[in-house]
Amino acid sequence: MPPKKAAPQEKKTLLGRPGNNLKIGIVGLPNVGKSSFFNTLSKTDLGKAANFPYATINPEEARIPVPDPRFDWLCDLYKPASKVPAFLTCIDIAGLTAGASTGAGLGNAFLSHVRAVDGIFQVVRAFDDAEVIHVEGDVDPCRDMDIISTELRLKDIEWVEKHLENLKKTGRALGNTSLADKARKEEIATVQKIYDILTKENKDVRKVDWNNKEIDVVNGLQLLTAKPVTYLVNLSERDYIRKKNKWLPKIKAWIDEHNPGDPLIPFSVALEERLANMTDEERKEEEQRIGTTSALGKITQAGYASLDLIRYFTCGPDEVRAWTIRRGTKAPQAAGVIHTDFENKFVCGEIMSYEDLREYGSESAVKAAGKLRQQGKPYEMVDGDIAYWKSGA
């Protein structure tokens with residue numbers, strides 16, 4: 001007898017909302033540079049930067065282009081009339097203070113705004129400036145990170161506790177026979193596990209290796225600690241240029257202890273504000289003079305990657321465009337991002353990789369080399385694919 005085929009590995013469900021229109025929120029204590037960072041990121045003054053807590057009350061939103069050398073190269077090749085890069089939607093959220101989980105400051109509004117985003121840019125202050133007051137009195141990034149981590153976790157504990165109580169109330173009458181009852185019991189067990197992770201293990205929900213059934217339950221709860229976090233450390237311009245700051249090793253140690261694997265990006269809002277007011281030429285000259293570059297591109301790319309977003313391209317003389325999809329998206333759903341008809345009447349996709357086009361230099365050369373592939377419904381898109389969709393009438 002031939003050996004049994006190994007069962008195909010179950011595809012891992014992603015934490016977070018399904019969809020491509022995902023948002024990242026800029027979070028931190030008051031006066032750490034969130035609104036100034038948002039302003040330079042979006043080249044606007046939407047965030048009302050002001051030297052007092054709660055200067056930003058309604059979250060402001062901006063779509064930030066995500067830099068990508070592949071997109072630039074494709075634009076050079078096709079010289080299109082229209083160029084549309086990938087975007088990351090960023091939201092500036094009011095500062096959080098200790099006690100937010102119980103409603104202190106603007107606590108409840110703040111936490112509802114965090115619940116509405118899919119990922120977090122946590123801005124941490126590591127610069128001294130007597131003119132910019134710190135809500136806790138002095139600068140201590142590790143204490144600030146503790147405050148935010150604690151507040152988000154406390155709110156999750158409260159949320160999960162209520163949900164667990166309701167489930168247990170309705171779960172008393174459950175039997176062992178029907179599939180629905182069994183599924184309900186599994187859900188109760190998973191919610192109990194989430195509660196124990198938060199209260200006994202003091203861990204963020206995203207730091208646990210959940211199975212797919214558990215991830216469905218976690219996603220249904222929309223927990224704050226399930227959202228990916230990128231730590232952005234706001235340094236003085238001098239410290240950023242010389243790449244030294246007394247707090248950086250301590251912040252890295254804090255992340256390794258509490259949330260290992262989370263990205264840490266040092267940057268300087270003061271420098272970014274200065275560079276944002278220059279022309280492109282002036283900015284290049286200034287970056288050469290001080291021997292460093294803006295960190296905004298790196299930050300945007302990190303935020304995009306943290307949400308498990310990838311992009312594919314459509315190219316032609318009229319338009320080169322990057323389309324944002326979630327990692328693991330199949331071809332019909334990727335086509336549907338352009339228009340629902342492309343998904344509903346999907347026939348196939350003609351796909352080539354960016355690397356092949358780069359290597360062969362033109363579409364006709366890629367085709368001649370046999371590298372243009374026809375892909376059907378099961379095809380999972382790869383970051384950087386160049387696609388032409390065919391759909392039925």
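This report describes the secondary structure, one sheet, two helix packings and some single residues of a protein model.

The model is predicted, and local features are given only where pLDDT is at least 70, side-chain atom pairs count only at pLDDT 80 or more, and totals for chains, interfaces and linings use all residues. Residues are numbered from 1 along each chain as its sequence is written, and side-chain values use heavy atoms, with hydrogens and water left out.

## Overview

The protein has 15 helices and 12 strands. Helices (H or I, at least four residues) and strands (E, at least two) are DSSP runs, numbered from the N terminus. Of its 393 residues, 49% count as buried. Buried means under 20% relative accessible area, exposed means over 50%, and partly exposed lies in between, with a 1.4 Å probe and protein chains only. A contact means heavy atoms within 4.5 Å. Among contacts between residues at least 6 apart in sequence, 71% join residues at least 24 apart.

## The six-stranded sheet

Six strands form an open sheet in the order β2-β4-β1-β5-β6-β7, and the pairing is mixed. Two strands pair if DSSP finds at least two bridges between them. Strands of a sheet pair through backbone hydrogen bonds, either parallel or antiparallel. At the edges are β2 (60–65) and β7 (264–267), each of which pairs on one side only. On average, neighbouring strands of this sheet are turned by 25 degrees against each other, direction ignored. Axes here are lines fitted to C-alpha atoms, for helices over the stretch in contact, and angles run from 0 to 180 degrees between N-to-C directions.

The table lists three of the strand pairs, with one bridge from each.

| Strand pair | Sense | Bridges | One pair of partners |
|---|---|---|---|
| β2 and β4 | antiparallel | six | R63 and T89 |
| β1 and β4 | parallel | four | I26 and D92 |
| β1 and β5 | parallel | four | I26 and F121 |

Strand β1 covers residues 23–27 and β5 covers residues 119–125. I26 of β1 stands opposite D92 in β4, and its bridge partner in β5 is F121. Strand β4 (residues 87–92) is mostly covered, with five of its six residues buried.

F121 lies in strand β5 and is buried, with a relative accessible area of 0%. Leaving aside neighbours within four places in sequence, the residues in contact with F121 include I24, G25, I26 and V27, as well as F37, L88 and C90. T230, L232, I299 and G303 are also in contact with F121. The C-alpha atoms of F121 and V229 are separated by 5.9 Å, although these residues are 108 residues apart along the chain.

## Helix α1 against helix α9

Helix α1 (residues 34–42) and helix α9 (residues 269–276) have axes that come within 9 Å and cross at roughly 30 degrees. The crossing of α1 past α9 is left-handed. A crossing is left-handed if the near helix is turned anticlockwise from the far one by less than a right angle, and right-handed if clockwise. From α1, the residues S36, F37 and T40 make the contact, and from α9 the residues V269, E272, E273 and A276 do so. By class, this contact has three nonpolar, two polar and two charged residues. Ala, Val, Leu, Ile, Met, Phe, Trp, Tyr, Cys and Pro count as nonpolar, Asp, Glu, Lys and Arg as charged, and the others, Gly among them, as polar.

## Helix α10

In helix α10 (residues 280–290), R283, E286, E287 and I290 are buried. Seen down the axis of α10, the buried residues fall within an arc of 100 degrees, so they line one face of the helix. The arc is that of the directions from the helix axis to the C-beta atoms. An α-helix has 3.6 residues a turn, so residues three or four places apart point the same way. The buried residues of α10 pack against α7 (237–242) and α9. E281, K284, E285, Q288 and R289, on the other side of α10, are exposed. After α10 comes G291, with a positive phi near 75 degrees.

## Two loop residues with positive phi

Most residues other than glycine have a negative phi. N31 is not a glycine, yet its phi is positive, about 60 degrees. N31 sits in the loop between β1 and α1 and is buried, with a relative accessible area of 11%. K79, also not a glycine, has a positive phi of about 45 degrees. K79 is in the loop between α2 (69–78) and β3 (82–84) and is exposed, with a relative accessible area of 65%.
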